[in-house]
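Please open the model in a viewer and keep the selection tool at hand. The tour below proceeds stop by stop, naming what to select and what is found there.

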Amino acid sequence: MRHLLCLACVALATLLGSCSRGSSSPSEPGPSTMFWLDSGNLAIESFSNAHPALGEPVPIARVVSGTSTRLAATTAAAVLDAAGNRLFVANGTEILVFDNASAANGNVAPSRIIRKLGGDFLNVASLSLDAPRNLLYVGDRNASGPVPSIYVIANASTATSVNAVSITDNSASDRRFVYIDATNNHDVLYVADTCQISVFDNASTLASGTHAPNRQFASCSVLDSGDHPLWLDATHDDLYVLNPSNADPAVKVFHGASTAPGPATPARTIHAFSLPGLRNLLFDSNHDRLYVAASLGVFIFDAASTLNGTVSDGAVPSQLLSGIAGMDMAAIAINTAP
């Protein structure tokens, strides 16, 4: 089995786990830099170390839970504004904002709630932040009825009720997973639907309405019809796309994602998942690490930009984090700064 970083098995009523190398009295943990969105326990579990060494125990530093938090089983996505110390959490029909996220602990209420004017969001599937432009991209989702939209929330650091820009692409999918590449003055939006990736250049300039993407790639022969969270490794121009089906649980990596017309097939496919229920992913370019959230834990893969094929136990420095009993991991948010 892959190395366990930390396994904290505790009573659900305490909603707090810890593990350590010795038996010394615990000290006040440092600021939290890694956040797990745990829809099973209606909680956010956070850690002071977002970049643990292989095999290093990582105690849970803080747990946000309780009725005041508004966390629900529908929580599906989270994104961290590291510079602003602000955590955005998608909670189904609304977006919860926790300021001073690195110290948030206990039954704390959100600092703000972002709602859509004229009605709630339908069922938010994903969030992505363009921090330089202060724009929050929201991938909405709907199991039936109208085709969902991509909402672009301006002034994300202070927004509450907003009349966001609403972008609909030319897909009839019932789900939207978004990632905005704002590195090095880029302004490229990636959108995953049922089994296709759409790419929109100059995303921040798009007005509300239906827009044809600048290019599309992948197909139903490459990606299944399930959910496809995605993340760009801008350093290598690789788009990591989660394929969570039971038939082919994998991360598929498309190289040259930012260039026209876009890759038709993945350059690499990572098969390495012994846990069921793959939910979300995050790529940390600064540390070349891939994080994959599954229902029962979080996988961490080092040297991720080189991984391909089936990754067997011990072949690469891979790890599995586990936390509170009864967890159902929905997403991860990390301060990726060196």
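A strand here is a DSSP run of E of at least two residues, and strands are numbered from the N terminus. The model on display is predicted.

**The whole chain**

Begin with the protein chain in a cartoon view. It has 28 strands and 0 helices. Of its 338 residues, 55% count as buried. Among contacts between residues at least 6 apart in sequence, 54% join residues at least 24 apart.

**The largest pocket**

Next, select L129, Y179, T183, W231 and T336. Of the 32 residues that line the largest pocket, these lie nearest its centre. The volume of this pocket is about 740 Å³. Now colour β5 (75–81), β9 (126–130), β14 (177–181), β19 (230–233), β23 (278–284) and β28 (329–334), the elements that each give two or more residues to the lining. Which of the elements supplies the largest share of the lining? It is β5, with 4 residues. Colouring the lining by class shows 20 nonpolar, 8 polar and 4 charged residues.

**Strand β11 and its partners**

Move to strand β11, residues 150–153. In a regular strand, side chains alternate between the two faces of the sheet. Are the residues on the two faces of β11 buried or exposed? I150 and V152 on one side are buried, as are Y151 and I153 on the other, and both faces of the strand are thus covered.

Add strand β10 (residues 135–139), which pairs with β11 in the antiparallel sense over 4 bridges. Within this region, select G139, which stands opposite I150 of β11. Then add strand β13 (residues 165–168), which is also antiparallel to β11 and pairs with it over 3 bridges. Here S166 of β13 is the bridge partner of Y151.

**Salt bridges**

The final stops concern charged side chains; show them as sticks. The model contains 12 salt bridges.

Select D99 and R86, whose closest N and O atoms are 3.0 Å apart in a salt bridge. D99 belongs to strand β7 (residues 95–99) and R86 to strand β6 (residues 86–91), so the pair ties together parts 13 residues apart in sequence. Because its relative accessibility is 30%, D99 counts as partly exposed. R86, by contrast, has a relative accessible area of 14% and is therefore buried, the limit for that class being under 20%.

Select D187 and R133 next; their side chains meet in a salt bridge of 3.9 Å, N to O. This pair links distant parts of the chain, 54 residues apart: D187 is in the loop between β14 and β15 (188–192), and R133 is in the loop between β9 and β10. D187 is buried, with a relative accessible area of 9%, whereas R133 is partly exposed at 30%.

Continue to R268 and D238, a salt bridge in which the closest N and O atoms are 3.3 Å apart. R268 lies in strand β22 (residues 268–271) and D238 in strand β20 (residues 238–243), and the pair links distant parts of the chain, 30 residues apart. Both R268 and D238 are buried.

End the tour by selecting R70, E94 and R115 together. These residues are linked in a network of salt bridges.

Notes. Residues are numbered from 1 along each chain as its sequence is written. This is a predicted model: local features need pLDDT of at least 70, side-chain atom pairs count only at pLDDT 80 or more; totals for chains, interfaces and linings use all residues. Side-chain values use heavy atoms; hydrogens and water are left out. Buried means under 20% relative accessible area, exposed over 50%, partly exposed in between (1.4 Å probe, protein chains only). Two strands pair if DSSP finds at least two bridges between them. On a 1 Å grid over the protein atoms alone, a cavity is a set of points where a 1.4 Å probe fits but cannot get out, and a pocket is an open set with protein on both sides within 12 Å along at least five of seven lines; lining residues have an atom within 4 Å of a point. Grid points are joined across faces, edges and corners, and a volume is the space filled by probe spheres set on the points. Ala, Val, Leu, Ile, Met, Phe, Trp, Tyr, Cys and Pro count as nonpolar, Asp, Glu, Lys and Arg as charged, and the others, Gly among them, as polar. A salt bridge is a side-chain nitrogen of Lys or Arg within 4 Å of a carboxyl oxygen of Asp or Glu. Contact means heavy atoms within 4.5 Å.
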